[in-house]
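Here is a short note to read beside the structure. Please keep the 3D view open as you go.

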Amino acid sequence: MKRLVVITAAAAVAVGGTAAVATAAAPAGAPVQAGKVAWSACPTDVTGGVYLKNAECGQVTVPLDYRKPNGKKISVAVSRVKHTAKDYQGVLLGNPGGPGGSGLYLSGGLAAWLPPDVAAKYDIIGFDPRGVESSKPALSCVPNYSDPVRPDYVPSSVKDEKVWLARSKKYADACAKKYGWLLPYMRTTDAAKDIDSIRVALGAKQISYYGFSYGTYLGSTYATLFPTHVKRMVLDGNVDTREVWYKGQLSQNVAFERNMKLWWGWVAKYDSLYHLGASEKAVEKKYYAIRAAAKKSPIGKKIGPDELDDTVLSAGYNTGYYIPFAEALSAWATKKDPAPLLDWLSEGGGDNGFAVYNAVQAVDAPWPASWKTWHDDATRQYASGIRFNSWSNTWFNAPIHYWRYQGKKTFPVGSKKAPSILLVQSTLDAATPYPGGPQMRSLFPSARLIAEKGGKTHANTLNGNACLDDRVAAYLTNGSLPARKPGRTADLVCAALPALNDPVPGATAKAAVAGAPSKNLLIGRP
């Protein structure tokens, strides 16, 4: 679950929910023969295109509806960086999260981030799940939906809340009008079956897989449907399958409130540098004062309260953003220089990820039918001090309330037949809170869990912590894993790396989310 975005709250408003349409989880039968991939040069004007310079790309044709294998077809975009070592270990697919995150770049991304001798053993495959970016079609419902400056996420009246509800309904209606034929087939189970079609297209008997965030839910779904088709699987930042998806948003809100306070406390340690406050409470107060002022007069005419929240939220995801966002906030607070904040503002090009996010989560699982439930939960959390994310997260998901096609039943993840899976979870991960790790471990009896104690960065493997990364490398090399301990616990504990977890201004800080190549990528939910 990765993300950058939205939410509001206040008085009670009851709005009727959309009619739920059952979307059956198709059986785990063999996919349609997809045929060989016609490889050619990769596009570079896509998410993470810099990583595709040494890759080759193509499309894999898949059924829209796997219950009708000879019916309408769509395609998923794939990329490949071929192995160079004699000790060939097969194909390794990667997914960066979302849902809605583009993963085409991960062929080159994983090739760059893994140790060279490990990467050389695999044909590394990136792909855009159905509906995403380079796949065909690519969903986009209201291209300018997230353009600045948006209405404040936090409503101060019933009227304010109705403005967001109207926006959300308009978005959902636009999606249904443009892609009503596709929306019922956007379940995670559909994407998992597409992965197996990719396997067939590549001529592989089994695949290995590396999933971050929502990619853990996609990977675990694949391992449930096709356990014998899995060779090795690394799942980093595991989704709590008990909370798919509405309850998971509420848990995220609590965890992000904690992590934002951790960042504000870190900023306070360096008050002589940033001049934003000498205590966590002082920095928090300063932040909300800046936010209130931005509502009256947007920073650089483009950053209102929502855009400000969306930007600095990344500090709750990844400590690599601690320094640059403290610098940017300080520049505005002390010099009225908007340039550093404007440099981080995401404008345009993000509707595809947002559209797919809503489409997948709507059909994956049931959501509360009454808007009063959504409203009451947001109001309760906000009033209890969970201020930062409670309303923004509500509005990020609100189109689902009006979605034309909604799921009635959550897919039961888990398999005793799956091979040993390596799970990694940071104890202070906000996007996928720690309980998701032990929960995923409980569903796969051969899985092993490594906990990063004190880790505040989401999905933190391949980010410099040797205790984590060396074990990932060993597992991908020969399948070696720590012994499984009895009970609901981690099988191995690694300490968070101080240099990354608590960066020092002036020191080299890694400002990239694990699994994301640049600051300009959308950090999607889960």
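The points below cover the sheet, two helices and the disulfides.

1. Start with the sheet. This is a predicted model. Its 10 strands form an open sheet with mixed pairing, in the order S1-S2-S3-S5-S4-S6-S7-S8-S9-S10. Strands S1 (40–41) and S10 (492–495) are the edges, and each pairs on one side only.

2. Look at one strand pair. Strands S4 (residues 90–95) and S6 (residues 207–212) run parallel, joined by 5 bridges. Here Leu 93 stands opposite Tyr 209 of S6.

3. Now add helices. Helix H1 (residues 106–113) packs on the sheet and touches S3, S4, S5 and S6. Its direction makes about 135° with that of S5. Helix H16 (residues 436–443) lies across S7, S8 and S9, at about 165° to S8.

4. How many disulfides does a search of the whole structure find? It finds 3. Counted along the chain, the bonded cysteines follow the pattern 1-2, 3-4, 5-6.

5. Cys 42 is bonded to Cys 57. Cys 42 sits in the loop between S1 and S2, while Cys 57 is in strand S2, 15 residues apart. The S-S torsion is about 100°, so this disulfide is right-handed.

6. Cys 141 and Cys 175 form another disulfide. Both cysteines are buried. The torsion of about 115° makes the link right-handed.

7. Cys 467 pairs with Cys 494. Cys 467 belongs to helix H17 and Cys 494 to strand S10, 27 residues apart. This link is left-handed, with -70° about the S-S bond. Cys 467 is partly exposed at 23% relative accessibility. Cys 494 is buried at 0%.

How values were computed:
Residues are numbered from 1 along each chain as its sequence is written. This is a predicted model: local features need pLDDT of at least 70, side-chain atom pairs count only at pLDDT 80 or more; totals for chains, interfaces and linings use all residues. Side-chain values use heavy atoms; hydrogens and water are left out. Two strands pair if DSSP finds at least two bridges between them. Helices (H or I, at least four residues) and strands (E, at least two) are DSSP runs, numbered from the N terminus. Contact means heavy atoms within 4.5 Å. Axes are lines fitted to C-alpha atoms, for helices over the stretch in contact, and angles run from 0 to 180 degrees between N-to-C directions. A disulfide is a pair of cysteine sulfur atoms within 2.5 Å. Buried means under 20% relative accessible area, exposed over 50%, partly exposed in between (1.4 Å probe, protein chains only).
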